[in-house]
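Student: Please take a close look at a single part of this model, beginning with one residue and the element that holds it. From there, please follow the connections outward in one continuous account.

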Amino acid sequence: MKLINPEVRIETTNLCNANCVMCNHGRILRPHGVMSNEFFGSLVRQAHFLGAELISPFGFGEPFMDKELETKVLIAHLMGLNTFITTNGSLATPERMTKLYENGLSHIRFSIHGLNRVDFENVQRGLKWMPSLLNIYRAIQIRDENKYPTEISVTVIPMNGEPVELIRKFWEGIVDWLEIWKPHNWSCVMDYRQNTENRRKTCGRPHKGPVQIQWDGRVIPCCFLTDAELVLGDTHEKTIEQILKDKPYQQLREKHESGDLEGLPCQFCDQLNIEDGSPLLYSNRDEDMNINCTSSAKYQLM
């Protein structure tokens, strides 16, 4: 079989150095850890065989907490695959960024929620505004001076009510791409979005979502299920291809086809909302503002 979605997301660690107000990382109960380079390499080889084009070595954690992140990016790059990571920027030192550039990182996205020290540190608790901001500026400078081809983007959730135009004025012209999103519920864990009366039967992820593998090798349906609420297989026991063809995955697809999601964490997920306005408030990367589209590979799910 070949993958429908060209992206495979491999969470190399679920460790994080922040406690952001819109995130439920502090509530997860699953064990914390870091994936070995050897196991990561075996997963990337499988993904490559299945037709993957993009490996995203991050998940529900801060990827720079993995001290071998640069090696993992190189592993994927040497197989001819693109790589994409999302980071809070606090650990993206010039030394580590240079190594990532040298090892072929395709795209780095910084999540920065606030336009000043007070707002930023009240939202991204545990981080410091100026060091994080300086890391981004230095990353851009190093990239530009050495003509590395890595794309640099910023994503912002206006948790302090910042106007879209003010965020645009702050970031546009500095980074390659900017996207501004509403906060979401992490599949019912948080309470930022109310369910709408009109609901879709499916979000499209069981059929067309990127393969999502946690650091311990377990496969889950999507990035919104952060605490292994629904496990579809274990890559220590079966191959990615076997898991995609196996009964748990097929049953989930059938449930989404019928809209019978009772008893699943998907049942009340805000990703099924049919909203008047898109959760994507602004994007100069996706000017059509497509909904039901992944924020990483920009792959259309429905």
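Tutor: M130 belongs to helix α5, which spans residues 129–146. The model is a predicted one, and the description below should be read accordingly. M130 has a relative accessible area of 43% and is therefore partly exposed, given that this class lies between 20% and 50%. Together with L134 and Y137, M130 makes a nonpolar surface patch of about 240 Å².

Helix α5 also contributes to a salt bridge. D176 pairs with R143, and their closest N and O atoms are 2.9 Å apart. Because R143 is in helix α5 and D176 is in the loop between α6 and β8 (177–181), this salt bridge ties together parts that are 33 residues apart in sequence. The two partners differ in accessibility: R143 is buried, with a relative accessible area of 9%, whereas D176 is partly exposed at 30%.

Another salt bridge lies within helix α6, where the side chains of E165 and R168 meet with an N to O distance of 3.3 Å. The two residues are 3 apart in that helix, so about one helical turn separates them. E165 counts as exposed, with 53% relative accessibility, while R168 is partly exposed, with a relative accessible area of 25%. Salt bridges with shared partners also join R143, D144 and D176 into one network, which brings the account back to R143 of helix α5.

In total, the structure holds 15 salt bridges. One of them joins E11 and R30, with the closest N and O atoms 2.9 Å apart. This pair links distant parts of the chain, since E11 sits in the loop between β1 and β2 and R30 in the loop between β2 and α1 (37–49), 19 residues apart. Both partners are buried: the relative accessible area is 3% for E11 and 5% for R30. As a general matter, side chains of opposite charge can pair when their charged atoms come close.

The loop between β1 (7–10) and β2 (19–20) also holds T13. T13 is buried, with 1% relative accessibility. The side chain of T13 reaches the backbone nitrogen of L15 at 3.1 Å, and a polar atom of that side chain lies 2.8 Å from the backbone oxygen of G33. Leaving aside neighbours within four places in sequence, the residues in contact with T13 include G33, V34, F60, M65 and W215.

The sheet gives the wider setting. It is an open sheet of 10 strands with mixed pairing, in the order β11-β10-β9-β1-β3-β4-β5-β7-β8-β12. Its edge strands, β11 (233–234) and β12 (280–283), each pair on one side only. Within this order, β9 (residues 211–213) and β10 (residues 218–220) pair in the antiparallel sense over 2 bridges, and Q212 stands opposite I220 of β10.

Finally, P158 lies in the loop between β7 (151–156) and α6 (164–171). Not counting residues up to four places away in sequence, P158 touches I167, I180, W181 and L281. The C-alpha atoms of P158 and F39 are separated by 37 Å, and the two residues are 119 apart along the chain.

Conventions:
Residues are numbered from 1 along each chain as its sequence is written. This is a predicted model: local features need pLDDT of at least 70, side-chain atom pairs count only at pLDDT 80 or more; totals for chains, interfaces and linings use all residues. Side-chain values use heavy atoms; hydrogens and water are left out. Patches are made of residues with over 30% relative accessible area and no salt bridge: like charges are joined within 9 Å, nonpolar side chains (Val, Leu, Ile, Met, Phe, Trp, Tyr) within 5 Å. Accessible areas come from the Shrake-Rupley method with a 1.4 Å probe; for residues, only the protein chains shown count as cover. A salt bridge is a side-chain nitrogen of Lys or Arg within 4 Å of a carboxyl oxygen of Asp or Glu. Helices (H or I, at least four residues) and strands (E, at least two) are DSSP runs, numbered from the N terminus. Buried means under 20% relative accessible area, exposed over 50%, partly exposed in between (1.4 Å probe, protein chains only). A polar contact is a pair of N or O atoms within 3.5 Å; within protein, one must be able to donate a hydrogen and the other to accept it, and residues adjacent in sequence count only if both atoms are side-chain atoms. Contact means heavy atoms within 4.5 Å. Two strands pair if DSSP finds at least two bridges between them.
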